[in-house]
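Me: I am new to this structure and should be grateful for a close look at a single part, the small sheet and its surroundings. Please describe how the strands are arranged and what lies about them.

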Amino acid sequence: MNRGPISTFIEHHYRHFNAAALMDAAKGYETHLLEGGKMLVSLAGAMSTAELGISLAEMIRQDKIAIISCTGANLEEDVMNLVAHSHYKRVPNYRDLTPEQERELLDNHFNRVTDTCIPEEEAFRRLQTHLLDVWKSAEAKGERYFPHEFLYQVVLSGVLEPYYEIDPKNSWILAAAEKNIPIIVPGWEDSTTGNIFTSYVIKKELNVHTVKTGIEYMIYLTEWYRANSGGKGVGFFQIGGGIAGDFPICVVPMMYQDLEWEDVPFWSYFCQISDSTTSYGSYSGAVPNEKITWGKLDIDTPKFIVESDATIVAPLIFAWILGQ
């Protein structure tokens, strides 16, 4: 592969410490794909609001990612950025805000994520109308879908196109919908759209069973893993920690410990980008070797941890994989 300027730069300069770990993880990811492996990417934190879609979407389009696990927030916030980007408000001095200034943001319908404020009316409510339509349509036909499938229906229908405020090639949800790659969304209920759906159930305007559950996501992932873990196997590229990572990685020990299935392959590559302290008993702060004891990784699984800011590290690793 002919390397572009970003790849050339990081290979020349990133030789030690977390920089070297980044380089090693990128080369390991590349080797995994070249040997016929597939990759799961998990998204925690607020990666969509951080506009990771700029690099993630191209990874999806070039088949460098086979499946994604993400929080409900990351699922919805990529689309919110797509349709309401110009209404976002950046607060560079967020560390200096008083409680009164934070309340002022709320009163003006801004929800802050570090230095970026999501515009509630333009983002959440614009998407809500169209989600309600697909929820009601499914219920009327006696159909049930996963949260990501409902969102795919919305973005592929074209109803949001008049609202686009960024280049659609920078939306990872659009790229994923067009490829129809599977997305696992554990804990979707705690997202804004999950809360909105809950409100309609409480008001008896929707049936709680219209949206499929987390247990059904685990069953879905089990079937997917069984069908895709042959040969080189499936790698695990984890951005952040939390449920987006812990939920999918547990599918392997569940299959051979709880289902008692034999010959279940371990995850065949593992990398985590994290700034969590190693370790005060947290999942995010656990070093990869700890996962051997839980039956997730094997002794010889390539393992990498880059202790840094994912908004810096992930685009650089993706640039290497893409040859940029």
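Reply: Strands E4 and E5 run antiparallel and are joined by 4 bridges. Helices (H or I, at least four residues) and strands (E, at least two) are DSSP runs, numbered from the N terminus, and two strands pair if DSSP finds at least two bridges between them. The model is a predicted one, in which local features need pLDDT of at least 70 and side-chain atom pairs count only at pLDDT 80 or more, while totals for chains, interfaces and linings use all residues. Residues are numbered from 1 along each chain as its sequence is written, and side-chain values use heavy atoms, with hydrogens and water left out.

In the pairing of E4 with E5, phenylalanine 110 stands opposite proline 119 of E5. The two strands form a hairpin with 2 residues between them, and threonine 114 in the turn has a positive phi of about 55 degrees. Most residues other than glycine have a negative phi.

Strand E5 (residues 116-119) also pairs with E3, in the antiparallel sense and over 2 bridges. Here lysine 89 has cysteine 117 of E5 as its bridge partner, and arginine 90 stands opposite threonine 116 of E5. The result is an open sheet of 3 strands in the order E3-E5-E4, with antiparallel pairing. Its edge strands are E3 (89-90) and E4 (110-113), each of which pairs on one side only. Helix H5 (residues 99-107) packs on this sheet and touches E3, E4 and E5, where contact means heavy atoms within 4.5 Å. The direction of H5 makes about 130 degrees with that of E4; axes are lines fitted to C-alpha atoms, for helices over the stretch in contact, and angles run from 0 to 180 degrees between N-to-C directions.

In a regular strand the side chains alternate between the two faces of the sheet. In E5, Thr116 and Ile118 point one way and Cys117 and Pro119 the other way, and all are buried. Buried means under 20% relative accessible area, exposed over 50%, and partly exposed in between (1.4 Å probe, protein chains only).

The loop between H5 and E4 holds histidine 109. This residue has a positive phi of about 65 degrees although it is not a glycine. Histidine 109 is partly exposed, with a relative accessible area of 37%.

The surroundings include the largest pocket, to whose lining E3, strand E8 (270-274) and H13 each supply at least two residues. On a 1 Å grid over the protein atoms alone, a pocket is an open set of points where a 1.4 Å probe fits, with protein on both sides within 12 Å along at least five of seven lines, and lining residues have an atom within 4 Å of a point. The volume of the largest pocket is about 720 Å³, a volume being the space filled by probe spheres set on the points, which are joined across faces, edges and corners. Of the 31 lining residues, Met47, Ala50, Thr114, Asp309 and Thr311 lie nearest the centre of the pocket. Thr114 is thus named twice, since the turn of the E4-E5 hairpin holds threonine 114.
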